[in-house]
Amino acid sequence: MTETRIRDSWAVVGLDNGGTTDNATVLDASGRFLVDRLVEVPSRVQEGPDAAVEALVLALENVLELTGTPREAVRAVGLDTPGPASADGVISSKGATNFAQPAWWGFDFRAALQTRLDLPVVYNNDGNAAALYAHHARHGDQAARHSSIAAIVGTGLGGGVVEAGVVVRGAAGMAGELGHIQIPMQGLLEEDQPVPVCNCGLAADVESVASLTGIEKNLLPYWLTRFEGHELGRAESPAKAAKLVRGYAENRDPMAIKIFEQQAMALGRLFTIAANFTDPTTYFVGGGVVETVPWFRDWFLDTVREHTVLREEQERAAAFALVPDLDMAGARGAAVAAMGWLQGR
(Lines give C-alpha, C1' and ligand atoms only; values in the text may rest on other atoms or scores of the structure.)
Protein backbone atom coordinates (compact mmCIF):
# COMPACT_ATOMS: atom_id res chain seq x y z
CA MET A 1 0.00 0.00 0.00
CA THR A 2 1.13 3.52 -0.68
CA GLU A 3 0.15 6.66 1.17
CA THR A 4 -1.47 9.59 -0.65
CA ARG A 5 0.42 12.86 -0.52
CA ILE A 6 -1.43 16.00 0.45
CA ARG A 7 -2.58 18.12 -2.50
CA ASP A 8 -4.73 20.61 -0.69
CA SER A 9 -3.62 23.54 1.41
CA TRP A 10 -4.73 22.20 4.80
CA ALA A 11 -5.73 19.06 6.68
CA VAL A 12 -6.84 17.64 10.02
CA VAL A 13 -5.37 14.72 11.94
CA GLY A 14 -7.35 11.98 13.69
CA LEU A 15 -5.81 10.28 16.73
CA ASP A 16 -7.31 7.08 18.16
CA ASN A 17 -5.99 6.36 21.65
CA GLY A 18 -6.11 2.76 22.84
CA GLY A 19 -4.92 0.62 25.70
CA THR A 20 -1.79 -0.53 23.83
CA THR A 21 -1.47 1.55 20.65
CA ASP A 22 -2.40 4.89 19.12
CA ASN A 23 -3.57 4.97 15.51
CA ALA A 24 -3.38 8.12 13.39
CA THR A 25 -4.78 9.32 10.09
CA VAL A 26 -4.86 12.50 8.00
CA LEU A 27 -7.97 13.93 6.31
CA ASP A 28 -7.32 16.67 3.76
CA ALA A 29 -9.51 19.64 2.86
CA SER A 30 -11.13 17.75 -0.02
CA GLY A 31 -12.29 14.96 2.29
CA ARG A 32 -9.64 12.36 1.33
CA PHE A 33 -8.02 10.11 3.91
CA LEU A 34 -4.33 10.03 3.08
CA VAL A 35 -3.66 6.59 4.60
CA ASP A 36 -5.58 3.36 4.05
CA ARG A 37 -4.05 1.28 6.83
CA LEU A 38 -3.22 1.40 10.52
CA VAL A 39 -0.40 3.81 11.39
CA GLU A 40 0.38 2.95 14.99
CA VAL A 41 2.75 3.75 17.82
CA PRO A 42 2.68 2.46 21.43
CA SER A 43 0.13 4.44 23.45
CA ARG A 44 2.07 4.30 26.77
CA VAL A 45 -1.12 4.87 28.78
CA GLN A 46 0.13 2.57 31.54
CA GLU A 47 3.03 5.01 32.09
CA GLY A 48 0.64 7.80 33.00
CA PRO A 49 -0.79 10.95 31.39
CA ASP A 50 2.48 12.70 30.50
CA ALA A 51 3.83 9.69 28.63
CA ALA A 52 0.48 9.12 26.91
CA VAL A 53 0.31 12.71 25.67
CA GLU A 54 3.85 12.45 24.27
CA ALA A 55 2.89 9.20 22.55
CA LEU A 56 0.03 10.98 20.79
CA VAL A 57 2.40 13.75 19.71
CA LEU A 58 4.66 11.07 18.23
CA ALA A 59 1.68 9.46 16.48
CA LEU A 60 0.81 12.80 14.90
CA GLU A 61 4.37 13.52 13.79
CA ASN A 62 4.70 10.00 12.42
CA VAL A 63 1.60 10.18 10.22
CA LEU A 64 2.47 13.68 9.00
CA GLU A 65 5.90 12.46 7.89
CA LEU A 66 4.39 9.38 6.26
CA THR A 67 1.93 11.44 4.20
CA GLY A 68 4.22 14.38 3.49
CA THR A 69 1.86 16.73 5.31
CA PRO A 70 3.55 19.89 6.63
CA ARG A 71 2.93 20.55 10.32
CA GLU A 72 1.74 24.06 9.48
CA ALA A 73 -0.99 22.62 7.23
CA VAL A 74 -2.78 21.03 10.21
CA ARG A 75 -5.70 23.16 11.40
CA ALA A 76 -7.20 20.86 14.03
CA VAL A 77 -6.81 17.45 15.64
CA GLY A 78 -9.51 14.95 16.51
CA LEU A 79 -8.94 12.73 19.55
CA ASP A 80 -10.89 9.70 20.68
CA THR A 81 -10.29 7.56 23.75
CA PRO A 82 -12.08 4.76 25.56
CA GLY A 83 -14.44 5.90 28.30
CA PRO A 84 -15.74 6.77 30.66
CA ALA A 85 -14.90 10.40 30.08
CA SER A 86 -16.82 13.66 29.85
CA ALA A 87 -17.93 15.20 26.57
CA ASP A 88 -14.85 17.42 26.77
CA GLY A 89 -12.38 14.59 27.26
CA VAL A 90 -11.94 14.62 31.05
CA ILE A 91 -11.27 11.06 32.26
CA SER A 92 -13.69 9.84 34.92
CA SER A 93 -12.78 10.73 38.50
CA LYS A 94 -13.11 7.01 39.25
CA GLY A 95 -10.63 6.05 36.55
CA ALA A 96 -11.30 3.48 33.84
CA THR A 97 -10.03 0.17 32.52
CA ASN A 98 -7.40 1.84 30.35
CA PHE A 99 -6.78 4.69 32.80
CA ALA A 100 -6.44 2.93 36.13
CA GLN A 101 -3.61 4.91 37.73
CA PRO A 102 -4.66 7.69 40.14
CA ALA A 103 -2.87 10.26 37.94
CA TRP A 104 -5.53 9.64 35.30
CA TRP A 105 -8.51 10.24 37.58
CA GLY A 106 -10.13 13.48 36.47
CA PHE A 107 -7.33 14.16 33.98
CA ASP A 108 -8.28 16.58 31.17
CA PHE A 109 -6.84 14.59 28.29
CA ARG A 110 -8.14 16.83 25.52
CA ALA A 111 -6.87 20.06 27.08
CA ALA A 112 -3.46 18.56 27.84
CA LEU A 113 -2.98 17.46 24.23
CA GLN A 114 -4.27 20.79 22.94
CA THR A 115 -1.74 22.66 25.08
CA ARG A 116 1.09 20.37 23.99
CA LEU A 117 0.27 20.68 20.27
CA ASP A 118 -0.86 24.32 20.30
CA LEU A 119 -3.71 23.24 18.02
CA PRO A 120 -7.48 22.91 18.57
CA VAL A 121 -8.32 19.37 19.75
CA VAL A 122 -11.86 18.00 19.30
CA TYR A 123 -12.80 15.08 21.56
CA ASN A 124 -15.13 12.08 21.21
CA ASN A 125 -15.19 8.73 22.95
CA ASP A 126 -14.14 5.81 20.76
CA GLY A 127 -17.67 4.50 20.23
CA ASN A 128 -18.95 7.87 19.05
CA ALA A 129 -15.94 8.30 16.76
CA ALA A 130 -16.52 4.92 15.10
CA ALA A 131 -20.24 5.67 14.75
CA LEU A 132 -19.47 9.03 13.15
CA TYR A 133 -17.08 7.47 10.65
CA ALA A 134 -19.56 4.74 9.74
CA HIS A 135 -22.22 7.37 9.10
CA HIS A 136 -20.04 9.53 6.86
CA ALA A 137 -18.52 6.55 5.04
CA ARG A 138 -21.99 5.32 4.10
CA HIS A 139 -23.74 8.60 3.38
CA GLY A 140 -20.87 10.70 2.00
CA ASP A 141 -21.79 14.22 0.97
CA GLN A 142 -25.41 13.47 1.99
CA ALA A 143 -24.41 12.74 5.61
CA ALA A 144 -26.14 15.87 6.91
CA ARG A 145 -29.44 14.61 5.52
CA HIS A 146 -29.40 11.30 7.38
CA SER A 147 -29.28 9.80 10.87
CA SER A 148 -27.89 6.54 12.17
CA ILE A 149 -27.25 4.43 15.23
CA ALA A 150 -24.22 2.17 15.66
CA ALA A 151 -23.83 -0.66 18.17
CA ILE A 152 -20.26 -1.92 18.52
CA VAL A 153 -19.86 -5.19 20.37
CA GLY A 154 -16.58 -5.59 22.23
CA THR A 155 -15.58 -6.14 25.85
CA GLY A 156 -18.59 -3.93 26.52
CA LEU A 157 -21.15 -2.48 24.15
CA GLY A 158 -20.18 0.86 22.65
CA GLY A 159 -21.54 2.92 19.83
CA GLY A 160 -23.26 6.19 19.19
CA VAL A 161 -26.15 8.09 17.68
CA VAL A 162 -25.60 10.43 14.73
CA GLU A 163 -28.22 13.00 13.74
CA ALA A 164 -27.83 15.13 10.61
CA GLY A 165 -24.21 14.01 10.34
CA VAL A 166 -23.28 15.05 13.90
CA VAL A 167 -22.80 12.88 17.00
CA VAL A 168 -25.51 13.37 19.61
CA ARG A 169 -23.55 14.03 22.80
CA GLY A 170 -26.16 15.17 25.32
CA ALA A 171 -26.03 17.71 28.13
CA ALA A 172 -23.45 15.77 30.16
CA GLY A 173 -21.84 13.91 27.28
CA MET A 174 -23.65 10.69 28.17
CA ALA A 175 -25.84 10.31 25.08
CA GLY A 176 -25.27 7.19 23.03
CA GLU A 177 -24.44 4.94 26.01
CA LEU A 178 -26.30 2.17 24.24
CA GLY A 179 -24.99 -0.65 26.38
CA HIS A 180 -26.87 0.55 29.44
CA ILE A 181 -30.31 0.76 27.88
CA GLN A 182 -32.52 -1.85 29.54
CA ILE A 183 -34.41 -4.14 27.18
CA PRO A 184 -37.25 -6.68 27.59
CA MET A 185 -35.89 -10.14 28.35
CA GLN A 186 -39.09 -12.15 27.89
CA GLY A 187 -38.66 -14.36 24.85
CA LEU A 188 -34.93 -13.64 24.71
CA LEU A 189 -33.96 -15.71 27.75
CA GLU A 190 -34.81 -19.37 28.27
CA GLU A 191 -37.45 -20.01 30.94
CA ASP A 192 -34.87 -21.07 33.54
CA GLN A 193 -32.14 -18.62 32.49
CA PRO A 194 -31.17 -16.02 35.12
CA VAL A 195 -31.70 -12.36 34.30
CA PRO A 196 -28.27 -11.06 33.22
CA VAL A 197 -26.56 -8.36 35.26
CA CYS A 198 -24.14 -5.78 33.86
CA ASN A 199 -20.89 -4.65 35.47
CA CYS A 200 -22.53 -1.23 35.84
CA GLY A 201 -25.02 -2.76 38.27
CA LEU A 202 -28.06 -2.69 36.00
CA ALA A 203 -29.97 -5.86 35.25
CA ALA A 204 -31.22 -6.67 31.76
CA ASP A 205 -29.37 -3.96 29.89
CA VAL A 206 -28.02 -4.58 26.38
CA GLU A 207 -24.38 -4.93 27.46
CA SER A 208 -25.27 -7.68 29.93
CA VAL A 209 -26.03 -9.82 26.87
CA ALA A 210 -24.33 -8.29 23.82
CA SER A 211 -20.69 -8.07 24.90
CA LEU A 212 -17.72 -10.28 25.63
CA THR A 213 -18.28 -9.56 29.32
CA GLY A 214 -21.90 -10.61 28.92
CA ILE A 215 -20.78 -13.92 27.46
CA GLU A 216 -18.31 -14.52 30.28
CA LYS A 217 -20.50 -13.48 33.21
CA ASN A 218 -24.02 -14.36 32.05
CA LEU A 219 -24.52 -16.35 28.86
CA LEU A 220 -21.75 -18.96 28.87
CA PRO A 221 -22.26 -20.09 32.49
CA TYR A 222 -25.93 -20.78 31.75
CA TRP A 223 -25.46 -22.50 28.39
CA LEU A 224 -22.73 -24.77 29.76
CA THR A 225 -25.38 -26.21 32.07
CA ARG A 226 -27.50 -26.99 29.00
CA PHE A 227 -24.61 -28.52 27.03
CA GLU A 228 -22.97 -30.67 29.71
CA GLY A 229 -19.51 -31.93 28.78
CA HIS A 230 -18.88 -29.13 26.28
CA GLU A 231 -15.17 -28.49 25.65
CA LEU A 232 -15.45 -24.87 26.79
CA GLY A 233 -16.38 -26.08 30.25
CA ARG A 234 -12.80 -27.30 30.55
CA ALA A 235 -11.17 -24.02 29.55
CA GLU A 236 -8.49 -22.54 31.80
CA SER A 237 -10.77 -19.72 32.95
CA PRO A 238 -14.21 -18.23 32.19
CA ALA A 239 -12.52 -15.26 30.50
CA LYS A 240 -10.55 -17.48 28.14
CA ALA A 241 -13.58 -19.62 27.43
CA ALA A 242 -15.61 -16.53 26.52
CA LYS A 243 -12.99 -15.44 23.98
CA LEU A 244 -13.19 -18.83 22.29
CA VAL A 245 -16.97 -18.82 21.80
CA ARG A 246 -16.88 -16.92 18.49
CA GLY A 247 -14.50 -19.46 16.96
CA TYR A 248 -16.87 -22.24 17.93
CA ALA A 249 -19.78 -20.32 16.39
CA GLU A 250 -17.86 -19.92 13.14
CA ASN A 251 -17.66 -23.73 13.09
CA ARG A 252 -21.42 -23.95 13.69
CA ASP A 253 -21.20 -25.25 17.25
CA PRO A 254 -24.82 -25.44 18.55
CA MET A 255 -24.10 -23.92 21.98
CA ALA A 256 -22.09 -21.03 20.56
CA ILE A 257 -24.84 -20.32 18.02
CA LYS A 258 -27.37 -20.11 20.86
CA ILE A 259 -25.19 -17.54 22.63
CA PHE A 260 -24.81 -15.34 19.58
CA GLU A 261 -28.48 -15.68 18.72
CA GLN A 262 -29.27 -14.12 22.11
CA GLN A 263 -26.76 -11.34 21.43
CA ALA A 264 -28.37 -10.62 18.05
CA MET A 265 -31.83 -10.60 19.63
CA ALA A 266 -30.62 -8.10 22.23
CA LEU A 267 -29.32 -5.78 19.52
CA GLY A 268 -32.59 -6.12 17.64
CA ARG A 269 -34.49 -5.04 20.74
CA LEU A 270 -32.11 -2.11 21.21
CA PHE A 271 -32.72 -1.03 17.61
CA THR A 272 -36.47 -1.44 18.09
CA ILE A 273 -36.26 1.10 20.92
CA ALA A 274 -34.08 3.37 18.78
CA ALA A 275 -36.60 3.21 15.95
CA ASN A 276 -39.10 4.93 18.22
CA PHE A 277 -36.92 7.81 19.35
CA THR A 278 -34.45 8.45 16.50
CA ASP A 279 -35.99 6.63 13.49
CA PRO A 280 -32.55 6.38 11.84
CA THR A 281 -31.71 5.88 8.20
CA THR A 282 -29.10 3.25 9.02
CA TYR A 283 -28.61 0.71 11.82
CA PHE A 284 -24.92 -0.20 12.08
CA VAL A 285 -23.42 -3.23 13.81
CA GLY A 286 -19.68 -3.46 14.48
CA GLY A 287 -17.09 -5.11 16.66
CA GLY A 288 -15.51 -8.53 16.96
CA VAL A 289 -18.87 -10.23 16.60
CA VAL A 290 -18.94 -9.31 12.89
CA GLU A 291 -15.18 -9.38 12.22
CA THR A 292 -15.51 -12.99 11.24
CA VAL A 293 -16.19 -15.40 8.40
CA PRO A 294 -18.78 -14.22 5.85
CA TRP A 295 -21.53 -16.74 6.58
CA PHE A 296 -21.51 -16.00 10.31
CA ARG A 297 -21.32 -12.24 9.81
CA ASP A 298 -24.28 -12.34 7.41
CA TRP A 299 -26.28 -14.65 9.68
CA PHE A 300 -25.67 -12.42 12.69
CA LEU A 301 -26.71 -9.21 10.89
CA ASP A 302 -29.77 -10.95 9.44
CA THR A 303 -30.74 -12.12 12.94
CA VAL A 304 -30.39 -8.58 14.30
CA ARG A 305 -32.63 -7.36 11.48
CA GLU A 306 -35.17 -10.12 12.10
CA HIS A 307 -35.55 -9.04 15.74
CA THR A 308 -35.76 -5.32 15.02
CA VAL A 309 -39.45 -4.43 14.91
CA LEU A 310 -40.07 -1.59 12.48
CA ARG A 311 -43.17 -0.02 11.03
CA GLU A 312 -43.78 -0.66 7.34
CA GLU A 313 -42.73 2.89 6.47
CA GLN A 314 -39.49 2.48 8.42
CA GLU A 315 -38.68 -0.83 6.76
CA ARG A 316 -38.85 0.88 3.37
CA ALA A 317 -36.64 3.76 4.47
CA ALA A 318 -34.00 2.13 6.69
CA ALA A 319 -31.01 -0.14 6.07
CA PHE A 320 -28.83 -2.42 8.18
CA ALA A 321 -25.08 -2.31 7.64
CA LEU A 322 -21.70 -3.14 9.16
CA VAL A 323 -19.34 -0.53 10.58
CA PRO A 324 -16.63 -0.39 7.88
CA ASP A 325 -12.86 -0.39 8.40
CA LEU A 326 -13.38 -0.92 12.12
CA ASP A 327 -9.69 -0.96 13.02
CA MET A 328 -9.37 2.49 11.43
CA ALA A 329 -12.84 3.79 12.30
CA GLY A 330 -11.82 5.52 15.54
CA ALA A 331 -9.04 7.64 14.04
CA ARG A 332 -11.09 8.37 10.94
CA GLY A 333 -14.14 9.35 12.99
CA ALA A 334 -11.96 11.59 15.15
CA ALA A 335 -10.71 13.29 11.99
CA VAL A 336 -14.26 13.71 10.67
CA ALA A 337 -15.23 15.34 13.99
CA ALA A 338 -12.30 17.77 13.73
CA MET A 339 -13.27 18.63 10.16
CA GLY A 340 -16.88 19.18 11.24
CA TRP A 341 -15.73 21.50 14.04
CA LEU A 342 -13.77 23.59 11.54
CA GLN A 343 -16.81 23.76 9.27
CA GLY A 344 -19.10 24.77 12.13
CA ARG A 345 -21.00 21.46 12.42
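Here is a chat about the two sheets of this predicted model and the helices packed on them.

Modeller: Ground rules: local features need pLDDT of at least 70 and side-chain atom pairs count only at pLDDT 80 or more, while totals for chains, interfaces and linings use all residues. Residues are numbered from 1 along each chain as its sequence is written, and side-chain values use heavy atoms, with hydrogens and water left out.

Colleague: In the open sheet with strand order 3-2-1-4-5, which strands stand at the edges?

Modeller: That sheet has 5 strands and mixed pairing; helices (H or I, at least four residues) and strands (E, at least two) are DSSP runs, numbered from the N terminus. Two strands pair if DSSP finds at least two bridges between them. Each edge strand has a single partner strand, so one side of each is left without a neighbour in the sheet: these are strand 3 (40-42) and strand 5 (121-125).

Colleague: Which residue of strand 4 stands opposite Val 12?

Modeller: Strand 1 (residues 11-17) and strand 4 (residues 74-81) run parallel and are joined by 6 bridges. Opposite Val 12 in strand 4 you'll find Ala 76.

Colleague: What angle does helix 1 make with strand 2?

Modeller: Helix 1 (residues 49-67) packs on this sheet, touching strands 1, 2, 3 and 4; contact means heavy atoms within 4.5 Å. Axes are lines fitted to C-alpha atoms, for helices over the stretch in contact, and angles run from 0 to 180 degrees between N-to-C directions. With strand 2 (21-28), the helix 1 direction makes about 45 degrees.

Colleague: On to the other sheet, 8-7-6-9-10. Is strand 9 largely buried or exposed?

Modeller: Buried means under 20% relative accessible area, exposed over 50%, partly exposed in between (1.4 Å probe, protein chains only). Thr 282, Phe 284 and Gly 286 point one way from strand 9, and Tyr 283, Val 285 and Gly 287 the other way. With 6 of the 6 residues under the cut-off, strand 9 is largely enclosed by the rest of the structure, so the answer is buried.

Colleague: Which residue of strand 10 is the bridge partner of Thr 282?

Modeller: Strand 9 pairs with strand 10 in the parallel sense over 4 bridges. In strand 10, the partner of Thr 282 is Ala 319.

Colleague: And in which sense do strand 6 and strand 7 pair?

Modeller: Strand 6 covers residues 147-153 and strand 7 residues 157-163, with 7 bridges between them. Val 153 has Leu 157 as its bridge partner in strand 7. The sense of the strand 6 and strand 7 pairing is antiparallel.
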